[in-house]
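Biologist: Please pick one part of this model and take me through it closely. I would like to know what sits around it and what lies behind it.

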Amino acid sequence: MKPNVCLYDTTLRDGTQGEGVSLSVEDKVKIALRLDQFGIDFIEGGWPGSNPKDMAFFERMKEVKLQNATITAFGSTCRPLVAAADDENLRALLESGVKAVAIFGKSWDLHVTDALKTTLDENIRMVSDSVRFLKSQGLTVLFLAEHFFDGYKANPVYALRVLEAAESAGADWIVLCDTNGGTLPHEVYEIVKTVKGSLQVKLGIHPHNDCELAVANAIAAVQAGAEQVQGTTNGIGERCGNVNLVSVIPNLQLKLGYSCVEPEQLQQLTKLSRFVAEVCNMAMPNNQPFVGNSAFAHKGGIHVSAVLKDPKTYEHIEPELIGNKRRVLVSELSGQSNLLAKTDELDINVELDKQEAREIIQRIKEREFQGYQYEGAEASLSLMLLAAGGKLEQLFTLDSFKILMEKSADRSILSEATVKLQVNGQLVHTAAEGNGPVNALDNALRKALETHFPCLAEMQLTDYKVRVLDESGATAAKVRVLIESGRNGEKWSTVGVSTNVIEASWEALVDSIRYLLWKEGCKLSEPEEKVEARAGIVNH
Ligand SMILES: CC(=O)SCCNC(=O)CCNC(=O)[C@H](O)C(C)(C)COP(=O)(O)OP(=O)(O)OC[C@H]1O[C@@H](n2cnc3c(N)ncnc32)[C@H](O)[C@@H]1OP(=O)(O)O
Ligand SMILES: CC(=O)C(=O)O
């Protein structure tokens, strides 16, 4: 039976040392609660001696009850030539009201002489005095040996002396830090093994990701005997980040048989990662291992065909174990298997046989050659499948639209769109202004349709992206427009392609509306008088 591995999350301290990351006190509290729920053992809240926000966080946490985790405050050892009991930073740790503290000290002789500008013996005194003082105050003390691996390689005798000082002063944990993130997994393994043979105290590892090896380093350390991993959720942190606990945890638990959290908590991993990304206002890459949107997305026809027979053929774990899900993408690289699987996934109640699916895939391939892309526009794909299955009613058709733009000397710019549609056998003619041609067109189209289909009033355009497809064509090039629309928290995306950006936008807009009307099960059944009563509409 493999031992438990203790999880120490420093998103709220080392994570905020990542460029562009800034959390409010309330953001920190939200993340702490979520980490606690997930099953993290230690949550490092910040450095109370370093700024008022972190101090406020610890004050706030005095009112918050956690179920599982211990909140820790971070700080340094006392300053050179200052007694621990008189050191401001250590006093701030005590005032934070926590039960556990993590203090970092120098273990690389270069740092002692060149950064601290003190003697090797005085540094040993600082470590020992600081740990002993904090222990005398009844705290759990984690001693973080900063730059331990570089220090050990430069001067192993001194690096070990620092650890021995912390151990004999009573540290509960000694955490070996790969502060510069430059150590390789085989070195981590050897060094942790050696330290394990020299000390009795429990060891932890705190790797950084400068060589993109932090996860491998954390695993190597655990295999060599470390019992705690310190990292951040999503790997945020100074420079290239800290080790990503979101990858460490499933590797340790699902691949190596260590126990980190309960299996039900592990199923919350994807949600945890996305929640923290949202609070940190960070876009997570789709190809993020384990929890990314694409981590279990299958695109190649060969892959999909095999996954449908047995998911193990192209998946290293079951996505449900960590709360992610399998997805099938439809594109020019698809075979009929992709389309049949996607039709099930989209839940659109369309039955296709293999031959029909092959014909639609052929159309998709031709359209992708023209510039369409359906991976990011699943609502347009659904409409294509519904039409092929005879399940899509034509609720309106375009006669024509016109757009006028006027730029006046006072610098104001006006866009006005006029739209003529056939709805319910009648010509509907509307005009609307907007703060750009696409917005004006959107407004005119909705005005024409809203009386028949009131649900359109709740639909919003949430994103609009234009991509030039053939740069050599300059302003005459083809463009692809992707529109994301939303209603009551639900989102869907549609696509349009043309050499004219307005026409491409129209195509995507119309798809977006058609999709909503289909979802709502809209039919043309309203009485004639109601249609005529519409304000601002001219009937011919
Ligand atoms: C590896 C890590 O991630 S360690 C954590 C790094 N995180 C941060 O630095 C974020 C928060 N830091 C801060 O707000 C500020 O740097 C403070 C409040 C801690 C210190 O600010 P200042 O007193 O103005 O000092 P400054 O930041 O310029 O320099 C750091 C000082 O700490 C000293 N120091 C560095 N490590 C240690 C240590 N382990 N023990 C004691 N002192 C240390 C340095 O020698 C330097 O002292 P000096 O001013 O006498 O040269
Ligand atoms: C202490 C710490 O954060 C580090 O060494 O990276």
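Modeller: Start at ligand 2, where an oxygen atom is 2.6 Å from an N or O atom in the side chain of T179. That is a polar contact (N or O atoms within 3.5 Å; within protein, one must be able to donate a hydrogen and the other to accept it, and residues adjacent in sequence count only if both atoms are side-chain atoms). This is a predicted model, in which local features need pLDDT of at least 70 and side-chain atom pairs pLDDT 80 or more, while totals for chains, interfaces and linings use all residues; side-chain values use heavy atoms, without hydrogens and water. Residues are numbered from 1 along each chain as its sequence is written, chains are lettered from A and ligands numbered from 1, in the order in which they are written.

Two histidines also reach ligand 2. A polar side-chain atom of H206 lies 3.1 Å from a ligand oxygen, and for H208 the distance from a side-chain N or O atom to an oxygen of ligand 2 is 3.0 Å. The surroundings of ligand 2 (heavy atoms within 4 Å) are made up of R13, D14, F104, L144, E146, C177, T179, H206 and H208.

Some of these names come back at ligand 1. It has 17 residues around it, and R13, Q17, T77, F104 and E146 are the closest. A polar side-chain atom of R13 is 3.3 Å from an oxygen of ligand 1. R79 also uses its side chain, with an N or O atom 3.4 Å from a ligand oxygen. A115 instead offers a polar backbone atom, again 3.4 Å from an oxygen of ligand 1.

Now look behind R13 and D14. Both are in contact (heavy atoms within 4.5 Å) with E44, and so are Y8, D9, T10, L12, T72, F74 and A102, leaving aside neighbours of E44 within four places in sequence. E44 belongs to strand β2; strands (E, at least two residues) and helices (H or I, at least four) are DSSP runs, numbered from the N terminus. E44 counts as buried because its relative accessibility is 0%, and buried means under 20% relative accessible area (1.4 Å probe, protein chains only). Its side chain makes a polar contact of 2.6 Å with the side chain of T10.

Strand β2 (residues 42-46) runs parallel to β1, to which it is joined by two bridges, the DSSP minimum for a pair. I43 is the bridge partner of D9 there. From β1 (residues 6-9), C6 and Y8 point one way, L7 and D9 the other way, and all are buried. In general, side chains in a regular strand alternate between the two faces of the sheet. β1 also pairs with β8 (residues 228-231), in the parallel sense and over four bridges, with C6 opposite Q228.

F104 and T77, both among the closest residues to ligand 1, lead to F143. Beyond four places in sequence, F143 is in contact with T77, I103, F104, G105, V127, V131, V162, A166, A171, W173, I174 and V175. F143, I174 and V229 touch the most other members of the largest nonpolar core, which has 91 residues. Such a core is a set of buried Ala, Val, Leu, Ile, Met, Phe, Trp, Tyr and Cys joined through side-chain atoms within 4.5 Å. Helix α7 (residues 156-168) contributes most, with seven residues. A second, separate core has 36 residues, including L395 and V510.

Definitions and conventions: Buried means under 20% relative accessible area, exposed over 50%, partly exposed in between (1.4 Å probe, protein chains only).
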